[in-house]
Amino acid sequence: MHGPPDDAPALDEEQLAAAQAAACGAIASGQPDQLRLQLELGVDARGLVDPYGVPGLVVACCMGQPECATLLLERMADPNGAVGSRSS
């Protein structure tokens, strides 16, 4: 198991927001390869939430996306993450 890659490029705030949005879209639409790309770019599975504050792992499970859920768990997404825990 691992978090974001150590060699992930440093994203500025705008790029990170775009990558997080793309990751959430990939989860909702069942595109694990796109999710993997966003995680490799530096999106942190541990803090990934959708615009409503729902953790990415919860979205993957509720949307029936087991491959996306597995990717998030492999990158240390919190299986006990609370809905509405968005920090920003």
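Is M76 buried, partly exposed or exposed? Select M76 to find out: its relative accessibility is 41%, so M76 counts as partly exposed. The residue sits in the segment after α4. Check its backbone as well, where phi is near 70 degrees, a positive value in a residue other than glycine. Most residues other than glycine have a negative phi. Keep in mind during the tour that the model is predicted.

**The whole chain**

Zoom out and show the chain as a cartoon. The secondary structure consists of four helices and zero strands, in the order α-α-α-α along the sequence. Colour by pLDDT next. The chain average is 85, and 82% of the residues score at least 70. Among the elements, helix α4 (residues 66-74) has the highest mean pLDDT, 96, and helix α1 (residues 13-28) the lowest, 93.

Switch to a surface. About 5,300 Å² of the chain is exposed, and carbon and sulfur atoms supply 53% of that area. Of the 88 residues, 33% count as buried. If you display contacts between residues at least 6 apart in sequence, 70% of them join residues at least 24 apart.

**The core**

Select I27, L35, L39, V43, L48, A60 and L72 and show their side chains. Within the largest nonpolar core, which has 19 residues, these touch the most other members. Helices α1, α2, α3 (56-62) and α4 each supply at least two residues of this core. The largest share, five residues, comes from α1.

**The loop between α3 and α4**

Which residues does Q65 touch, leaving aside its neighbours within four places in sequence? Centre on Q65, in the loop between α3 and α4, and display its surroundings: the contacts are I27, A28, S29, G30 and A60. Two of these, I27 and A60, also appear among the core residues selected above. The side chain of Q65 reaches the backbone oxygen of M63 at 3.4 Å. Q65 has 18% relative accessibility and therefore counts as buried.

**Salt bridges**

How many salt bridges does the structure hold? There are three, and they can be visited in sequence order.

Start in helix α2 (residues 32-41) by selecting D33 and R36. Their side chains meet in a salt bridge, at 2.8 Å from N to O. The two residues are three apart in the helix, so about one helical turn separates them. D33 counts as exposed because its relative accessibility is 58%, whereas R36, at 30%, counts as partly exposed.

Move on to D44 and R46, whose side chains form a salt bridge at 2.9 Å, N to O. Colour the pair by accessibility. D44 is partly exposed, with a relative accessible area of 25%; R46 is also partly exposed, with 46%.

Finish with E74 and R75. The closest N and O atoms of this salt bridge are 3.9 Å apart. R75 counts as buried, because its relative accessibility is 10%, under the 20% cut-off. Its partner E74 has 38% relative accessibility, so E74 counts as partly exposed. From here, step along to M76, in the segment after α4, to return to the positive phi near 70 degrees where the tour began.

Key: Residues numbered from 1 in each chain as written. Predicted model: local features only at pLDDT ≥ 70, side-chain atom pairs only at ≥ 80, totals over all residues. Heavy atoms only, no water. pLDDT = per-residue confidence, 0-100. Salt bridge = Lys/Arg side-chain N within 4 Å of Asp/Glu carboxyl O. Buried < 20%, exposed > 50% of the residue type's maximum accessible area, 1.4 Å probe, protein only. Core = buried A, V, L, I, M, F, W, Y, C linked by side-chain atoms within 4.5 Å. Polar contact = N/O pair within 3.5 Å; in protein donor to acceptor, adjacent residues only side chain to side chain. Contact = heavy atoms within 4.5 Å. Areas by Shrake-Rupley, 256 points an atom, 1.4 Å probe, with all protein chains shown as cover.
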